[in-house]
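Open the model in a viewer and keep the sequence panel visible. The tour below gives one selection at a time and says what is found there.

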Amino acid sequence: MTDYTLYSYFRSSCSARIRIALAFKSISYDVIPVNLLKNDQLSEEHRALNPSASVPVLVPHESKENAFKIGQSLAALEYLDERHPEVPLLPPRSDPGARALVRTLADIVVVDIQPVTNLRIMRRVRELGGNAEEWNRQLMSDGLRAYEAVAEKCAGKYSMGDEFSMADACLIPAVWNAERFGVDISQFPTVERITGNLNKHPAVKEGHYFCQPDTPEELKMK
């Protein structure tokens, strides 16, 4: 018996944040794939789960009777940290400044980068006659430049010192996306160094795009 059900798409950065956090905390979960390319997220069934018509949706099994579910990734990360505090994603409450910095870094990804570079926006840019790939490269670069400016003052092995945090769970899928669209990560040396360490982390490996039940066979890591 698992603890959660996660509605997820293998290449969704928002879903990857939750997969990484669940793996980091050693929390068991089932995956129900939602294929964004096939517009599964627009179905009436999925909208009933998440009116935003997006993934992830995190459903605690203990809440099935009252149908409690979380349809925003940052809210899900905060919930997991409060519900399962033994392996924290935030610095201790005794250091509110560090907690604020971690949240700031996470928000740069969750608020500034992802919402304007996701599939829905790319489709709209193309409808308006724009180059969606160039749009993404520019906005991803702008966001990672801001992340770099903040992280260079507080990073160690990871984004906040040497402890894995919520910021890292948000950063690494954003970097995977940026690399996919041709952003040169080496122009952000702090981000590049953190990314090198994160890619070796067991939770990151487990949450990777190419290790999921719905990853196409030709993309799966061998």
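**Stop 1: the start of α5**

Select N118, which sits in the loop between α4 (96-113) and α5. Keep in mind throughout that this is a predicted model. With a relative accessible area of 18%, N118 is buried, since the cut-off for buried is under 20%. Show its side chain together with the backbone of the helix that follows. A side-chain oxygen of N118 comes within 3.2 Å of the backbone nitrogen of R120, at the start of helix α5 (residues 119-127). A polar atom of the N118 side chain also lies 3.0 Å from the backbone nitrogen of I121. Now move to the other end of the helix. After α5 comes G129, with a positive phi near 90°.

**Stop 2: the annotated domain**

Select residues 95-217. An unreviewed UniProt entry annotates this range as "domain: GST C-terminal". Over residues 95-217 the chain is 63% helix and 0% strand. The C-alpha atoms at the two ends of the range are 45 Å apart.

**Stop 3: the largest nonpolar core**

Next, select L22, L58, L80, Y147 and F164. These are the residues with the most contacts inside the largest nonpolar core, which has 67 residues. Helix α7 (residues 166-180) supplies the largest share of this core, 10 residues.

Stay with L58 and display its surroundings. Which residues does L58 touch, leaving aside those up to four places away in sequence? The list is Y4, T5, L6, I18, L22, K69, I70, A76 and L80.

**Stop 4: strand β3 and its partner**

Extend the selection from L58 to the whole of β3, residues 57-60. Are its faces covered or open? Both faces of β3 are covered: V57 and V59 are buried on one side, L58 and P60 on the other.

Add strand β1 (residues 4-8), which runs antiparallel to β3 and is joined to β3 by 4 bridges. To check the register, pick T5, whose bridge partner in β3 is V59.

**Stop 5: backbone features in the loops**

Step back to P56, in the loop between α2 (44-49) and β3. The peptide bond between V55 and P56 is cis, with omega about 5°.

A53 is found in the loop between α2 and β3 as well. Phi of A53 is positive, near 55°, although the residue is not glycine. A53 counts as buried, at 13% relative accessibility.

For another positive phi in a residue other than glycine, select N39, where the value is near 65°. N39 lies in the loop between β2 (29-33) and α2. At 31% relative accessibility, N39 counts as partly exposed.

**Stop 6: H84 and Y4**

Select H84, in the loop between α3 and α4. Is H84 buried or exposed? At 16% relative accessibility, H84 counts as buried. Its side chain makes a polar contact of 2.7 Å with the side chain of Y4. Apart from residues up to four places away in sequence, H84 touches Y4, K25 and I27. Y4 is also among the residues that L58 touches.

**Stop 7: aromatic pairs**

Finally, show the aromatic side chains. How many aromatic pairs does a search of the whole structure find? The search finds 5.

One to display is Y9 with F10. Their ring centres are 4.9 Å apart and the planes stand at 65°, so the pair is edge-to-face. Both Y9 and F10 are buried.

Then select F68 and Y79. This aromatic pair is tilted, with 5.6 Å from centre to centre and 50° between the planes. F68 lies in the loop between β3 (57-60) and α3 (73-83), while Y79 is in helix α3, so the pair ties together parts that are 11 residues apart in sequence. F68 is partly exposed, with a relative accessible area of 34%, whereas Y79 is buried, with a relative accessible area of 18%.

End with F24, Y158 and F164, which form one aromatic cluster. F164 was also part of the selection at Stop 3, as one of the residues with the most contacts inside the largest nonpolar core.

Conventions:
Residues are numbered from 1 along each chain as its sequence is written. This is a predicted model: local features need pLDDT of at least 70, side-chain atom pairs count only at pLDDT 80 or more; totals for chains, interfaces and linings use all residues. Side-chain values use heavy atoms; hydrogens and water are left out. UniProt positions are given in the numbering used here, feature names are shortened, and annotations may be inferred rather than shown by experiment. A nonpolar core is a set of buried Ala, Val, Leu, Ile, Met, Phe, Trp, Tyr and Cys residues joined through side-chain atoms within 4.5 Å. Buried means under 20% relative accessible area, exposed over 50%, partly exposed in between (1.4 Å probe, protein chains only). Contact means heavy atoms within 4.5 Å. A polar contact is a pair of N or O atoms within 3.5 Å; within protein, one must be able to donate a hydrogen and the other to accept it, and residues adjacent in sequence count only if both atoms are side-chain atoms. Rings of Phe, Tyr and Trp (its six-membered ring) pair if their centres lie within 6.5 Å; planes under 30 degrees apart count as stacked, over 60 as edge-to-face and the rest as tilted. Two strands pair if DSSP finds at least two bridges between them.
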